[in-house]
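Work through the exercises below with the model open beside you. Try each task before you read its solution.

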Amino acid sequence: ELVRIMFTGVTPTRRHMQMIETIGAEIVESIEKAHTVTHVIVTDGRAKLRRTPKLMICICKTSNILSTEWLEQSANEQKVLDAAPFLWVN
């Protein structure tokens, strides 16, 4: 199953984009495609969770609301890790 990642409330860096490629995932950038995402990255650990329109759409489609730590650890292991230990609970 293709992993489709959207960032909201935090801007992805070039390094994040490389990590997405490393784990074989795809970036989703437009709000029109927000309903297709499987994972949403909402914070880098410093930024507060913001209730953006993208997030509101994504919450209806996936419970994988994450920090960049999930992406970083997945890239380190060169595979998509289970999201459960990385879920953003605010």
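Helices here are DSSP runs of H or I with at least four residues, and they are numbered from the N terminus. By that numbering, G24 sits just after α1 and takes a positive phi of about 75°. Keep in mind that this is a predicted model.

**Exercise 1. Overall layout**

Task: State how many helices and strands the protein chain has, and give their pattern along the sequence.

Solution:
- Step 1. Count the elements. The protein chain has 3 helices and 4 strands.
- Step 2. Read along the sequence. The pattern is β-α-β-β-α-β-α.
- Step 3. Check the dimensions. The C-alpha trace spans about 30 × 25 × 25 Å along its principal axes.
- Step 4. Compare with the globule rule. A compact globule of 90 residues would have a radius of gyration near 12 Å, and the protein chain agrees, with 12 Å.
- Step 5. Add burial. Of the 90 residues, 41% are buried.
- Step 6. Look at contact range. Take contacts between residues at least 6 apart in sequence: 60% of them join residues at least 24 apart.

**Exercise 2. The sheet**

Task: Find the strand order of the sheet and say which strands lie at its edges.

Solution:
- Step 1. Trace the pairing. The sheet is open, has 4 strands and runs β2-β1-β3-β4, with parallel pairing.
- Step 2. Pick out the edges. β2 (26–27) and β4 each pair on one side only, which makes them the edge strands.
- Step 3. Zoom in on one pair. β1 and β2 run parallel and are joined by 2 bridges.
- Step 4. Name a partner. I5 has I27 of β2 as its bridge partner.

**Exercise 3. Two helices, their buried sides**

Task: For α1 and α3, list the buried residues and decide how they are placed around each axis.

Solution:
- Step 1. Start with α1. Its buried residues are H16, M19 and I20. Viewed down the axis they fall within an arc of 100°, so they line one face of the helix.
- Step 2. Turn α1 over. R14 and E21, on the other side, are exposed.
- Step 3. Find the neighbours of α1. Its buried residues pack against β1, β2 and α3.
- Step 4. Move to α3 (residues 68–77). Its buried residues are T68, W70, L71, S74 and A75. They cover an arc of only 155° around the axis, so they lie on the same side of α3.
- Step 5. Find the neighbours of α3. Its buried residues pack against β1 (4–7), α1 (14–22), β3 (39–43) and β4 (65–67).
- Step 6. Take one residue. T68 has a relative accessible area of 4%, so it is buried. Leaving out residues up to four places away in sequence, T68 touches F7, H16, I41, T43 and D44.

**Exercise 4. The nonpolar cores**

Task: Which residues of the largest nonpolar core touch the most other members, and which element supplies the largest share?

Solution:
- Step 1. Recall the tendency. In soluble globular proteins, nonpolar side chains tend to be buried together.
- Step 2. Rank the members. The largest core holds 16 residues, and I5, F7, I41, W70 and L71 touch the most other members.
- Step 3. Assign the sources. β1, α1 and α3 each supply at least two residues of this core. The largest share is 3 residues, from α3.
- Step 4. Note the other core. A second, separate core of 9 residues includes M6, V28, V42 and C58.
- Step 5. Inspect W70. Leaving out residues up to four places away in sequence, W70 touches V3, I5, I23, H39, I41, V80, L81, D82, A83 and F86.

**Exercise 5. Cysteines**

Task: How many disulfides are there, and why are C58 and C60 not bonded?

Solution:
- Step 1. Search the whole structure. The count is 0 disulfides.
- Step 2. Apply the cut-off. A disulfide needs cysteine sulfur atoms within 2.5 Å.
- Step 3. Check the distance. The closest cysteine sulfur to that of C58 is in C60, 9.0 Å away, too far for a bond.
- Step 4. Compare surroundings. C58 is buried, at 0% relative accessibility. C60 is exposed, at 65%.

**Exercise 6. A positive phi**

Task: Which residue follows α3, and is it buried or exposed?

Solution:
- Step 1. Locate the residue. α3 is followed by Q78.
- Step 2. Read the backbone. Q78 is not a glycine, yet its phi is positive, about 55°.
- Step 3. Classify. At 61% relative accessibility, Q78 counts as exposed, since exposed means over 50%.

Key:
Residues numbered from 1 in each chain as written. Predicted model: local features only at pLDDT ≥ 70, side-chain atom pairs only at ≥ 80, totals over all residues. Heavy atoms only, no water. Buried < 20%, exposed > 50% of the residue type's maximum accessible area, 1.4 Å probe, protein only. Arc of directions from axis to C-beta. Contact = heavy atoms within 4.5 Å. Pairing = 2+ DSSP bridges. Core = buried A, V, L, I, M, F, W, Y, C linked by side-chain atoms within 4.5 Å. Rg over C-alpha atoms; globule rule 2.2 N^0.38 Å.
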